[in-house]
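Grab a coffee and open the viewer. Here are a few short exercises, each with a worked solution.

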Amino acid sequence: MNAPASLLAIENLTVRFGGLVAVDHVSFEVKPGSIHALIGPNGAGKTTVFNCISRFYQPATGALRFGEHDLLTKPRHRLAELGVARTFQNLELFGELSVFENVLIGTHSQARRTGWLDLFRAGNRPGEHRDRIEHALEQTGIADVRHVKARALDFGRQKMLELARALAVRPTLLLLDEPAAGLRNREIDALDAMLVKLCRTDGLTIVLVEHVMQLVMSISDWVTVLNFGTKIAEGTPAAVQANEQVIDAYLGREQADV
Amino acid sequence: MTWELFLLFFQQSLMSGLVTGSIYALLALAMVMIFNTTDVPNFGQGEIFMVASYIALVLLVFASVPYLVMIPLTLAAVFFGGAIFQRLVLKRVALARGASVNLVIATLGLSYFLKGVMRQTGIAEVPRSFPALFPTDSVSIGMATATVQDFAILGLALAAMAAFFLFFHFTRTGRAMRAVGMNPRAAILVGVDIERMRWLVWGLSSAIAALAGILISPKLLMTADMGIVVILGFAAAIVGGFTSLPGAVVGGFVIGIVENMVGLFVSSKAIVVAPFLAIMLVLLLRPQGLLGGKATAKKV
């Protein structure tokens with residue numbers, strides 16, 4: 001069997017909400033070990049594509065392949081086990097739990113499956129996964145607040161916590177929905193370095209939806225541009241930045257001078 | 001009232017309150033578990049409690065099963081009953097775009113169904129008493145008097161609560177159940193099968209109600225209407241904040257003690273209104289409940 005050239009392949013994805021076509025026959029591929037950005041104006045369908053990949057929405061037509069798996073045949077709670085993790089645009093944390101416990105729950109899908117016994121065994125003990133949890137906390141720079149309740153953290157650290165929890169899933173594919181939104185410049189620089197390291201050193205494949213162009217253009221290997229639910233361009237950051245259609249629809253004329 | 005009498009009443013109501021309170025705490029715990037994971041207050045819980053008590057009675061008295069076998073059998077039967085109800089009825093109601101009011105009505109349906117079935121069997125035709133599982137000899141603590149059975153009830157209920165605390169904090173499944181209660185989307189994302197968690201929670205919750213039934217039945221007169229006791233479990237859950245498991249336990253003891261204090265210090269006729277007075281005071285002074293955390297708006 002030939003190794004597929006892409007880790008994630010999206011073919012002819014169409015999503016309708018009532019009469020509205022949110023995503024219209026979108027296709028793109030994500031190469032393993034790359035950082036792939038999905039950009040476009042608000043309402044372009046970027047998050048909708050994410051919600052299809054993570055199985056929160058059922059597309060009207062299209063195919064989603066992840067490695068050897070046809071994602072559309074998988075129940076959504078199996079994705080973590082397959083190696084797909086994501087973060088949300090509006091944070092989805094376990095607010096009453098500590099930072100450590102949030103990340104610990106991220107390891108849920110890795111405990112050995114033992115059927116009925118599983119109900120009572122003390123699996124998912126912190127000990128079993130401690131190294132991975134510690135590593136995720138270190139990587140995201142929140143190891144010093146491990147005992148703080150998630151809801152008590154500042155926004156930047158809450159975002160890092162969501163990322164740490166996603167890393168605890170031990171993903172091969174990481175979907176990040178606006179990881180830089182609301183972060184300060186210094187935090188964005190740290191995020192930039194962190195994502196590049198995750199990709200180059202740990203071999204993760206990252207797909208991100210992002211409006212912060214400084215981040216997108218600096219870290220992405222490939223950029224796909226959506227507008228009104230259709231793909232209008234794709235290419236390297238430099239090619240996309242020079243694309244007339246993208247400038248008109250999204251980046252704007254001034255962007256070229258910045 | 002003399003100081004002596006005050007002390008006696010105080011100690012006695014504390015003692016009796018702890019015993020009945022432990023049962024309310026179990027019932028509230030069962031209620032809150034279900035509310036957290038399936039977003040529905042279970043109005044059928046009283047009847048689960050009632051049917052479980054009758055199953056225990058039938059096994060013990062009619063089938064002469066020794067009670068060390070009767071207890072696990074009853075708990076298992078009720079566990080599966082609760083789980084099956086969730087799978088067969090609630091899941092479908094929810095899938096049929098069930099608003100939460102439909103789910104509530106489904107649990108009310110369960111309540112009438114179980115009561116009707118119980119009346120049909122004829123076992124509940126005459127009030128019955130449940131044989132004591134523990135000696136009823138009196139023991140004095142300070143000025144208060146209780147029976148060995150009372151201590152057994154309190155001890156076993158506390159042990160069950162401790163077991164659940166450990167389960168919820170230190171097992172993978174228990175932690176996943178709490179995760180579903182706090183944020184179902186995030187729980188799915190880390191790989192929690194929330195449908196599985198939901199029926200497990202219904203099973204566990206029903207088994208807790210069954211345990212409460214087995215423990216308290218020897219002190220009650222059994223009728224098909226005995227499930228009404230669960231109202232006090234509701235009260236306890238509300239006092240505790242309705243989403244907090246420790247709150248449910250605290251609420252149970254508060255209701256139990258308040259009830260007994262009112263009975264001794266005010267009048268035994270006032271016992272019935274005492275829990276509602278406690279609910280109203282809590283709702284007025286601390287609407288989120290004693291341990292309900294800060295009242296915050298949910299993100300849309």
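The exercises below deal with a predicted model, starting with confidence and ending with the core.

**Exercise 1.** Work out which part of chain B has pLDDT under 50.

*Solution.* Start with the overall picture: chain B averages a pLDDT of 89, and 97% of its residues score at least 70. Next, scan along the chain for the dip. It's at residues 295-300 of chain B, where pLDDT stays under 50. The model gives that stretch three contacts beyond four places in sequence. Where pLDDT is low, don't read the predicted coordinates in detail. For the model as a whole, the scores are ipTM 0.81 and pTM 0.85.

**Exercise 2.** Decide whether the radius of gyration of chain B agrees with that of a compact globule.

*Solution.* First take the length, 300 residues, for which a compact globule would come out near 19 Å. Then look at chain B: it has 19 Å, so the two agree. For the spans, the C-alpha trace of chain B covers about 60 × 50 × 35 Å along its principal axes. Now add burial: 49% of the residues in chain B are buried. Last, of the contacts in chain B between residues at least 6 apart in sequence, 74% join residues at least 24 apart.

**Exercise 3.** Find the residues with the most contacts inside the largest nonpolar core, then list the neighbours of Leu29(B).

*Solution.* The largest nonpolar core has 168 residues, and Ala25(B), Leu27(B) and Leu29(B) have the most contacts inside it. Now zoom in on Leu29(B). Leaving out residues up to four places away in sequence, Leu29(B) touches Met161(B), Phe164(B), Ile208(B), Leu245(B), Ala248(B) and Val249(B).

Technical notes
Residues numbered from 1 in each chain as written. Chains lettered and ligands numbered in written order. Predicted model: local features only at pLDDT ≥ 70, side-chain atom pairs only at ≥ 80, totals over all residues. Core = buried A, V, L, I, M, F, W, Y, C linked by C-beta atoms within 7 Å. Buried ≥ 20, exposed ≤ 12 C-beta atoms within 10 Å, placed from the backbone. Contact = placed C-beta atoms within 7 Å. Rg over C-alpha atoms; globule rule 2.2 N^0.38 Å. pLDDT = per-residue confidence, 0-100.
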